[in-house]
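Please find below some comments on the aromatic side chains of this model, set out as numbered points. They are meant to be read with the structure open beside them.

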Amino acid sequence: MTYNIGVIKGDGIGPEIVTEAIKVLDAVGAKFGHQFNYNEILMGGCSIDATGEPLTDEAIEAAKASDAVLMGSIGGNTSTSPWYKLPADKRPEAGLLKLRKSLNLFANLRPAYLYEELKEACPLRDDIIGEGFDMMIMRELTGGLYFGERSTKEENGQLVARDSLTYSETEIRRIAKRGFDIAMKRKKKVTSVDKANVLDSSRLWRKIVEEVAADYPEVTYEHMLVDNCAMQLVKDPRQFDVILTENMFGDILSDEASMVTGSIGMLSSASLNDTKFGLYEPSGGSAPDIAGQGIANPIATILSAAMMLRYSFDLDAEADAIEGAVKKVLKDGYRTIDIMPRDGSAVKQVGTVEMGDLIVARL
Ligand code: IPM
Ligand code: MG
């Protein structure tokens with residue numbers, strides 16, 4: 001089969017890590033007899049520099065015309081980069097939000113998995129880590145505070161800023177269904193996270209999640225307040241299977257979940273709509289501080305490519321091959337700098353390109 005992949009390399013470490021993911025995809029293609037075509041799409045700071053816009057209409061059309069999009073990361077240093085002197089809707093992040101909305105990518109899947117070999121990079125105590133943990137954050141991605149009306153106006157002699165948080169039944173129901181569907185393929189547990197003791201949007205969230213839950217009698221579900229969830233993620237992360245939550249809470253909790261697995265450099269993500277199309281990107285950012293040094297961890301991007309094969313192309317064996325090769329590389333003792341063990345145990349530190357080569361060699 002031939003697949004057309006839109007590629008957004010983006011800013012910072014983006015180009016370096018995407019290059020490694022493409023290398024791995026090509027190796028998988030050669031092994032399993034697939035042809036992957038890549039069409040480069042500009043988004044983020046590099047698009048601002050080239051076109052004045054973080055995402056042009058042409059780029060959106062190119063993304064829509066692809067079977068799936070693989071992305072690196074966008075944005076720069078928010079204190080020093082000139083991109084952050086621009087109005088908010090012209091900055092790199094605005095491109096990503098526009099792409100999510102234009103493609104209706106409402107379901108964001110962020111797996112947080114602790115590899116046996118990386119227990120030494122996990123900041124939690126051994127008794128908390130136990131047998132390790134494996135959770136999936138299901139984050140609603142096209143509603144809530146991110147896309148509500150906002151304004152900054154002068155009122156009674158002072159500036160007043162407003163952001164609004166809106167959710168409709170439809171928006172909640174479709175992400176909840178996705179969450180329960182995914183739970184059915186995992187440990188059949190859903191923790192729905194909200195702030196129903198304060199917010200109306202959360203009370204509606206809870207009501208709709210309960211309605212959806214009724215259609216999944218095999219799935220155990222619970223509600224948890226977001227502040228408690230933030231605490232439980234470090235106190236007892238093993239209790240979680242699927243965490244289902246709205247956009248802003250999911251943004252925050254997924255960074256937290258990634259850190260308890262040792263490094264954000266390991267975590268992939270998929271943003272899906274109700275077709276087979278998806279946008280696949282590492283959970284981490286553009287890390288401008290280490291860009292161009294050849295030390296960034298390409299694994300999250302490589303695993304995002306594996307998610308693309310699995311969710312958009314139904315190529316499960318191919319995705320398994322990539323995930324297996326990543327495990328093997330870790331087992332063989334190779335680490336990028338972000339996942340070096342705390343206790344100085346003997347492993348070999350490698351750079352971005354070498355990590356990509358080592359994974360290809362194990363496919
Ligand atoms: C993420 C990022 C984005 C978000 C930023 C870059 C707009 O933090 O994907 O988690 O907040 O959604
Ligand atoms: Mg985030």
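**Aromatic pairs and charges over rings**

1. In this predicted model, the count of aromatic pairs comes to 6, taking ring centres within 6.5 Å as the criterion. Two of the pairs, with their surroundings, are described in the points that follow.

2. Y3 and F313 make a stacked pair, with a centre-to-centre distance of 4.3 Å and an angle of 25° between the planes. Because Y3 belongs to strand β1 (residues 2–10) whereas F313 lies in the loop between α10 (299–311) and α11 (316–331), the pair ties together parts that are 310 residues apart in sequence. Y3 and F313 are both buried, and together with F36 they form one aromatic cluster.

3. For Y167 and W205, the ring centres are 5.7 Å apart and the planes stand at 70°, so this pair counts as edge-to-face, the cut-off for that class being over 60 degrees. Here, too, distant parts of the chain are linked, since Y167 is found in the loop between β7 (158–163) and α6 (169–184) and W205 in helix α7 (residues 200–213), with their positions 38 residues apart in the sequence. Both Y167 and W205 are buried.

4. Charged side chains also deserve a look in this context. The charged end of R174 sits over the ring of F106, at 4.2 Å from the ring centre, and the charged end of K348 is placed over the ring of Y334, at 4.5 Å from the centre of that ring.

Technical notes: Residues are numbered from 1 along each chain as its sequence is written. Chains are lettered from A and ligands numbered from 1 in the order in which they are written. This is a predicted model: local features need pLDDT of at least 70, side-chain atom pairs count only at pLDDT 80 or more; totals for chains, interfaces and linings use all residues. Side-chain values use heavy atoms; hydrogens and water are left out. Rings of Phe, Tyr and Trp (its six-membered ring) pair if their centres lie within 6.5 Å; planes under 30 degrees apart count as stacked, over 60 as edge-to-face and the rest as tilted. Helices (H or I, at least four residues) and strands (E, at least two) are DSSP runs, numbered from the N terminus. Buried means under 20% relative accessible area, exposed over 50%, partly exposed in between (1.4 Å probe, protein chains only). A charge sits over a ring if NZ of Lys or CZ of Arg is within 6 Å of the ring centre and within 35 degrees of the ring normal.
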